[in-house]
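Q: Please take a close look at one part of this model and describe its surroundings step by step. I would like the reasoning behind each label to be spelled out.

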Amino acid sequence: MHLYVHVPFCARRCSYCDFAIAVREKTPAAEYVAAVSREWQSRRAHPAWTDSPVVETIYFGGGTPSRLPPAQLGTLIATVSADRPVAPTAEITLEANPDDVTEEAAGAWREAGVNRLSLGAQSFDDAVLRWMHRTHDSRAIPAAVAAARTAGFGDVSVDLIFGLPAELERDWARDLACALALEPEHLSLYGLTTEAGTPLARWTERGETRPVSEQCYAAEYLAAHEVLGRAGFEHYEVSNAARPGHRARHNSAYWTRASYLGLGPSAHSAATGERWWNIRDWTAYARAVESGADWVAARERPAAEAVRLEELYLGLRTAEGVRAELVPEAAAGAWCREGWAVSADGRVKLTVEGWLRLDALVASV
């Protein structure tokens, strides 16, 4: 069993964010834990429960899960482990904003069972962080890593965003160097996208900012690939690189189409050939769970062709690629000639240049 827990609460909304969050000055921790625990218990009736006897990974995502008090986080982990054995080697990840990571908090997270920390650093440039509406400054990032190490975390991931508007004059090489200087075990690299309804979308519509050029976007991505490779990282998925032995096991379950259960508002689940996702809004989700109403927003059972395309898309995101029979021979040949893929040992794998074209390549077959 792979378990995702969505903690929607944030102090503010970042300029680029269209995630299902709830901006709250004070996190309603007790109400949230009660609702999620109730949803967890309801899963006893689902076949995925009996088909998945051991919890292999737990991922607290958001939102800002680090705004949930450590005691409540521990309660949720204990609730899960009371019903299902959590594997001794289970990966338990907490996403955290750097300014939430103190030695006291990190120690409490470790005591609760969290063994992997994912820090939303995004940049080491204070002007960029203000533009992003982040709640931390650049000094908070190394302080957070130091606190995590003191608490005993041996698996720390750092998130960075590339492809920022040129007018910000962000030094991408410097951000990469600052991240690597902290010696994390894992790095996630996300290209900035403009999503409808976000402050960034409004700025763009008013002409106050302009998206970065495709050439600059590609150049930054390729530069990161080269720098991380020299530093001993394995670029094992489009947006993720890790030192040997430190791949994100929870996210890897998604890319291999393993079954998973999602708890909390907007959380998605996939098991026994079915998918479902919860009500997006926190307040509506909490009311539905409390009243005994259905908190699932929708369900689907994907057709065989949809499953094939998903297997193709998710597999090509990874360094392992896909079985050769999933890619038409003519397409695979063309990709290889262009330097976008390699074909060997019965598998087709995209190169880093191919990853830049992933959406278009999958759409073409």
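A: A residue counts as buried when its relative accessible area is under 20%, as exposed when that area is over 50%, and as partly exposed in between. The model is a predicted one, and the place to begin is Ala-48. The relative accessible area of Ala-48 is 4%, which is under 20%, so Ala-48 is buried.

Ala-48 belongs to helix H2, which covers residues 47-51. What does Ala-48 touch, once its neighbours within four places in sequence are set aside? Its contacts are then Met-1, Leu-261, Ala-271 and Thr-272. A further residue can be located by distance: the C-alpha atom of Arg-275 is 11 Å from that of Ala-48, while 227 residues separate the two along the chain.

Arg-275 leads on to charged side chains. Side chains of opposite charge can pair when their charged atoms come close. Arg-275 takes part in a network of salt bridges, together with Arg-257, Glu-300 and Glu-310. Of these, Arg-257 sits in the loop between helix H10 (249-255) and strand E11 (261-263). Arg-257 has a relative accessibility of 33%; this lies between 20% and 50%, so Arg-257 is partly exposed. The backbone of Arg-257 also has a positive phi, of about 60 degrees, although the residue is not a glycine.

Glu-183 can be set beside Arg-257. The phi of Glu-183 is near 55 degrees, again a positive value in a residue other than glycine. Glu-183 is also in a loop, between helix H7 (172-181) and strand E8 (186-191). Its relative accessible area is 55%, which is over 50%, so Glu-183 counts as exposed.

How many salt bridges does the structure hold? There are 18, and three pairs can serve as examples. Arg-43 and Glu-39 are joined by their side chains at 3.0 Å, N to O, and both residues are buried. Asp-137 and Arg-139 also form a salt bridge at 3.0 Å, N to O. Here Asp-137 is partly exposed because its relative accessibility is 27%, whereas Arg-139 is exposed because its relative accessible area is 64%. In the pair Arg-230 and Glu-226, the closest N and O atoms are 2.9 Å apart. Both of these residues lie in helix H9 (residues 214-230), four residues apart, or about one turn of the helix. Arg-230, at 61%, is exposed, and Glu-226, at 48%, is partly exposed.

Glu-39 leads to helix H1, where it is one of the residues that meet helix H11. Two packed helices are described by the angle between their axes and the distance between the axes. H1 (residues 29-42) and H11 (residues 282-291) have axes 10 Å apart, at an angle of about 55 degrees. That angle falls outside the ranges for roughly parallel, antiparallel or perpendicular helices, so H1 is oblique to H11. Their crossing is left-handed. On the H1 side the contact involves Glu-31, Tyr-32, Ala-35, Val-36, Arg-38 and Glu-39; on the H11 side, Trp-282, Tyr-285, Ala-286, Val-289 and Glu-290. Sorted by type, the residues of this contact are seven nonpolar, four charged and no polar.

H1 also packs against helix H3 (residues 70-83), with an axis distance of 10 Å and an angle of about 15 degrees. Angles under 35 degrees count as roughly parallel, so H1 is roughly parallel to H3. The crossing of these two helices is right-handed. The H1 residues in this contact are Ala-29, Tyr-32, Val-33, Val-36, Ser-37, Trp-40 and Gln-41, and they meet Gln-72, Thr-75, Leu-76, Thr-79, Val-80 and Asp-83 in H3. This contact divides into seven nonpolar, five polar and one charged residue. Tyr-32 and Val-36 of H1 appear in the contact with H11 and also in the contact with H3.

One backbone feature remains, in the loop between strand E4 (55-62) and H3, where Gly-63 is found. Gly-63 is joined to Gly-62 by a cis peptide bond, with omega at about 15 degrees.

Conventions. Residues numbered from 1 in each chain as written. Predicted model: local features only at pLDDT ≥ 70, side-chain atom pairs only at ≥ 80, totals over all residues. Heavy atoms only, no water. Axes fitted to C-alpha atoms, helices over the stretch in contact; angles between N-to-C directions. Parallel < 35°, antiparallel > 145°, perpendicular 65-115°, else oblique. Left-handed = near helix turned anticlockwise from the far one by under 90°. Contact = heavy atoms within 4.5 Å. Nonpolar A, V, L, I, M, F, W, Y, C, P; charged D, E, K, R; others polar. Salt bridge = Lys/Arg side-chain N within 4 Å of Asp/Glu carboxyl O. Buried < 20%, exposed > 50% of the residue type's maximum accessible area, 1.4 Å probe, protein only.
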